[in-house]
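User: I should like to go through the assignments in this model one at a time. For each, please set the value against the criterion that applies.

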Number of protein chains: 2
Amino acid sequence: MENSMQALLLIAHGSRREASNQEVRELAKRLEQMIEGQFDLVEPAFLELAEPDIRSGIGRCVQAGARHVTAVPYLLSAGRHVAKDIPDELEVARLLYPDIRIVQTDYLGMHQGIAGLILELATKP
Amino acid sequence: MENSMQALLLIAHGSRREASNQEVRELAKRLEQMIEGQFDLVEPAFLELAEPDIRSGIGRCVQAGARHVTAVPYLLSAGRHVAKDIPDELEVARLLYPDIRIVQTDYLGMHQGIAGLILELATKP
């Protein structure tokens, strides 16, 4: 049977403030509790200021056995990061790991459900 | 009857890239279509690099008749902005508008529903 292990790579901006990077790592861990049946593992990665960077994050997925990596930009707005930096890094990773399928999804801010979450925050007692 | 008009102030970071600021303004407009019964208006505001800033955003809410302003940080991580810059600006606004009730909610990244949205992005065909 073909190995088809799937990884979710959560790509955050990265912050000088280590607690913010830790929030992202904890979110990745929380996602790992929720992925049953869809993904086999979740790894965090950072555009800058924190480790691992994107290609190291993909390297970790591959080392864990993943053959597919789905990269989700944990960013609220489009821009250079979404349009150029992430695609460029994924392209480098494809050259490094030619047998691994790597795809980039919409960034978080694109999800229409964000508006509902904002309203919930606004109306929480 | 006492006027109790309620405004939601959506506070984003602000970007050098005007299209990103425009995304926030459009999100505020979309929220305004969803607020029936809970809020009467939604205004965007920016920490830096875009207009209006927080106190001008609150000024717009007040000019529109709001007596309560609920400020939601449209940010993914805690940090100086959430812990200091926004509270400081809201405090200035309270001095400028002593009759207006101004509260700050949790920031977007705190919402537990974020994880579900990420999984939806990751599994979208």
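User: How many residue pairs are in polar contact across the interface of chain B and chain A?

Analyst: The model is a predicted one. Across the interface of chain B and chain A, 14 residue pairs are in polar contact, both residues having pLDDT 80 or more. On the side of chain B that touches chain A, the elements giving two or more residues are β1, α1 (18-32), β3 (68-73) and α4 of chain B. The largest share of that side, 10 residues, comes from α4(B). The contact takes 39 residues from chain B and 39 residues from chain A, and the area buried between the two chains is about 3500 Å², with 70% given by carbon and sulfur atoms.

User: What makes the pair B:Lys124 and A:Asp106 a salt bridge?

Analyst: The cut-off is 4 Å between a side-chain nitrogen of Lys or Arg and a carboxyl oxygen of Asp or Glu. For the side chains of B:Lys124 and A:Asp106 the N to O distance is 2.9 Å, so the pair satisfies the rule. The rule finds two salt bridges across the interface of chain B and chain A.

User: Why is A:Asp106 called partly exposed?

Analyst: Partly exposed covers the range between the limits of 20% and 50% relative accessible area. A:Asp106 has 29% relative accessibility and therefore counts as partly exposed.

User: How do you know that A:Lys84 and A:Asp88 meet in a salt bridge, and where do they lie?

Analyst: Their N to O distance is 2.5 Å, which is within 4 Å and therefore meets the criterion. Both lie in helix α3 (residues 80-96) of chain A, four residues apart, about one turn of the helix. A:Lys84 has a relative accessible area of 45% and A:Asp88 has 36%, so each is partly exposed.

User: Why is B:Ile11 called buried?

Analyst: The limit for buried is under 20% relative accessible area. B:Ile11 is at 0% and therefore counts as buried. B:Ile11 is found in strand β1 (residues 6-12) of chain B, and the residues that B:Ile11 touches include B:Leu47, B:Ile54, B:Pro73 and B:Ile86.

User: What puts the buried residues of α1(A) on the same side of the helix?

Analyst: The buried residues are A:Ser20, A:Asn21, A:Val24, A:Arg25, A:Leu27, A:Ala28 and A:Leu31. They cover an arc of only 155° around the axis, which therefore puts them on the same side of α1(A). What covers them includes β1 (6-12) and β2 (41-46) of chain A, together with α4 (114-123) of chain B.

Note on methods:
Residues numbered from 1 in each chain as written. Chains lettered and ligands numbered in written order. Heavy atoms only, no water. Buried < 20%, exposed > 50% of the residue type's maximum accessible area, 1.4 Å probe, protein only. Arc of directions from axis to C-beta. Contact = heavy atoms within 4.5 Å. Buried area = accessible area lost by both parts, 1.4 Å probe. Polar contact = N/O pair within 3.5 Å; in protein donor to acceptor, adjacent residues only side chain to side chain. Lists of a residue's contacts leave out its neighbours within four places in sequence.
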